[in-house]
Amino acid sequence: MTTEQITGKPRWLATCPRETRDVLVGELAGLGVEAITPLHRGVAFAADLATGYRAHLWLRTASRIQRVVAEVPAGSVAELAQQVQRIDWTLWLRKHRPFMVQTILTDRAGQGLGQGPVADAVAQAVMSRFALGSVPPVPTPGSVAQTHGSVAPAAGSETPGRTSGGGGPAYRPQAQNAVTIVAHLRNGVCTLGLDTAGRALHKRGWRLNGHPAVLKETLAAALLLLAGYEGTEPLLDPMCGSGTIIIEAAYIALNKAVLIHRGKDDFALEHLAGFDRGLWRKVADELRAGKRIEPRAPLFAGDIRPEYVDLARRGALRARVEKYITFRTGAFKALAPPADHGLLVANLPHGQRLGQGELPGIYAGVGRMIRERYARWRVALLAAADGPIPALGLRGARQVPLMNGALPVRLVIRD
Ligand SMILES: C[S@@+](CC[C@H](N)C(=O)[O-])C[C@H]1O[C@@H](n2cnc3c(N)ncnc32)[C@H](O)[C@@H]1O
């Protein structure tokens with residue numbers, strides 16, 4: 001029995017870095033989804049269409065989302081092709097929207113089949129299925145191998161590709177507007193999913209260029225959630241850079257969906273067959289209605305460099321949260337605590353641009369400031385794993401290992 005058969009609900013897969021998976025699990029539990037199953041770099045779950053749609057607009061720490069189409073045996077390329085052809089793709093893909101295939105081969109057996117042959121087999125089987133129409137075909141071993149390579153290139157296509165010949169979608173791996181079928185092979189089983197995010201979900205739409213060391217929005221949100229931030233205590237980021245943390249914090253404090261400002265047709269799911277525009281609008285309207293008029297606690301941000309404060313302010317304006325944040329320019333040590341308690345969050349300089357020699361002094365200064373002036377504050381500092389964390393002198397603090405892109409980092413939390 002599959003999860004969908006058990007719960008009767010569509011199945012989804014949200015991807016994320018392994019280190020922040022538990023945070024994503026918590027977010028999904030908060031949305032009320034079912035059958036939450038942590039995977040290596042993601043979380044599978046079951047949810048009705050409305051909740052699945054809500055997840056796209058709401059999840060702060062998911063990288064991408066897939067709608068799971070099927071799990072099929074795939075001991076060989078031929079078996080995979082045969083199984084893929086049994087799926088009624090007319091229920092999933094629109095005829096005029098090209099598609100591509102992304103393969104994830106996680107074990108030796110899967111890798112042995114080869115990225116190219118797997119992608120090609122899936123693509124051919126999908127196109128063959130469209131040629132057959134929506135009547136379930138009676139698969140015969142090797143039936144796909146016979147059609148393989150016999151399909152003509154798409155007439156007038158801007159990018160190399162093939163059409164189904166049956167009026168179905170073209171296979172155009174390079175096309176900008178293609179929807180993506182994800183074929184994930186492991187243990188002789190292929191999980192087929194459709195990428196429903198389109199652009200990666202960390203791309204909230206407000207970011208401006210101008211800072212050399214920005215955090216991904218999804219990581220900034222994860223830091224806040226790992227630190228237990230719920231928007232009910234004052235929040236300060238005294239080294240805000242482009243403002244990623246403070247803007248994500250404002251969204252939490254306002255109970256605001258992170259992707260509510262994405263434009264129409266921006267999510268890939270809007271281009272799949274069966275997309276319910278009316279339901280999508282209803283879900284978005286409900287999320288808008290759930291946004292607070294004001295945050296429950298104040299938000300403060302600063303940076304030593306005026307151009308970064310300006311950048312953060314402009315980013316916040318684009319994110320439509322600028323009016324809720326108090327910005328200031330200046331060194332951390334020149335800043336009086338803006339409240340008598342709260343959560344101080346900062347992404348400390350990592351040293352690549354400063355030179356490692358300066359870091360211990362900077363960290364020691366930050367630690368001294370926290371001990372002297374922020375004794376009643378909770379603290380969450382993101383620092384390079386090989387940075388001078390002991391120089392902070394935060395006794396009793398715990399460390400959560402994370403990755404900032406390719407850089408191993410630690411979130412140092414003092415509750
Ligand atoms: C790693 S960056 C923060 C990046 C930020 N999280 C983002 O996503 O854009 C560290 C920031 O600390 C600022 N900074 C360094 N020393 C500072 C100090 N003593 N007081 C305030 N800000 C400082 C830098 O100007 C820089 O923007």
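**Around the ligand and beyond**

In this predicted model, 18 residues sit around the ligand, and those that come nearest are Met 239, Gly 241, Ser 242, Thr 244 and Asn 347. Sorted by class, this shell breaks down into 11 nonpolar residues, five polar ones and two charged ones.

Two of the nearest residues lead on to other parts of the fold. Asn 347, one of the residues that come nearest to the ligand, belongs to strand β11, which covers residues 342–347. Strand β11 runs parallel to strand β12 (residues 377–384), and six bridges hook the two up. Within this pairing, Asn 347 stands opposite Leu 382 of β12. Strand β12 also pairs with β14 (residues 407–414), again through six bridges, but here the strands run antiparallel. In that pairing, Val 379 has Arg 414 of β14 as its bridge partner. As a rule, side chains in a regular strand alternate between the two faces of the sheet.

Thr 244, also among the residues nearest the ligand, falls in helix α9, made up of residues 244–253. Helix α9 packs with helix α8 (residues 217–226) at an angle of about 65 degrees, and the two axes are 9 Å apart. The crossing of α8 and α9 is right-handed. On the α8 side, the contact is made by Glu 217, Ala 220, Ala 221, Leu 223 and Leu 224, while α9 brings in Thr 244, Ile 245, Glu 248, Ala 249 and Ile 252. By class, the residues of this contact come out as seven nonpolar, one polar and two charged. Thr 244 thus turns up both among the residues nearest the ligand and in the contact between the two helices.

Conventions. Residues numbered from 1 in each chain as written. Predicted model: local features only at pLDDT ≥ 70, side-chain atom pairs only at ≥ 80, totals over all residues. Near = placed C-beta within 6 Å. Nonpolar A, V, L, I, M, F, W, Y, C, P; charged D, E, K, R; others polar. Pairing = 2+ DSSP bridges. Helix = DSSP H or I, 4+ residues; strand = E, 2+ residues; numbered from the N terminus. Axes fitted to C-alpha atoms, helices over the stretch in contact; angles between N-to-C directions. Left-handed = near helix turned anticlockwise from the far one by under 90°. Contact = placed C-beta atoms within 7 Å.
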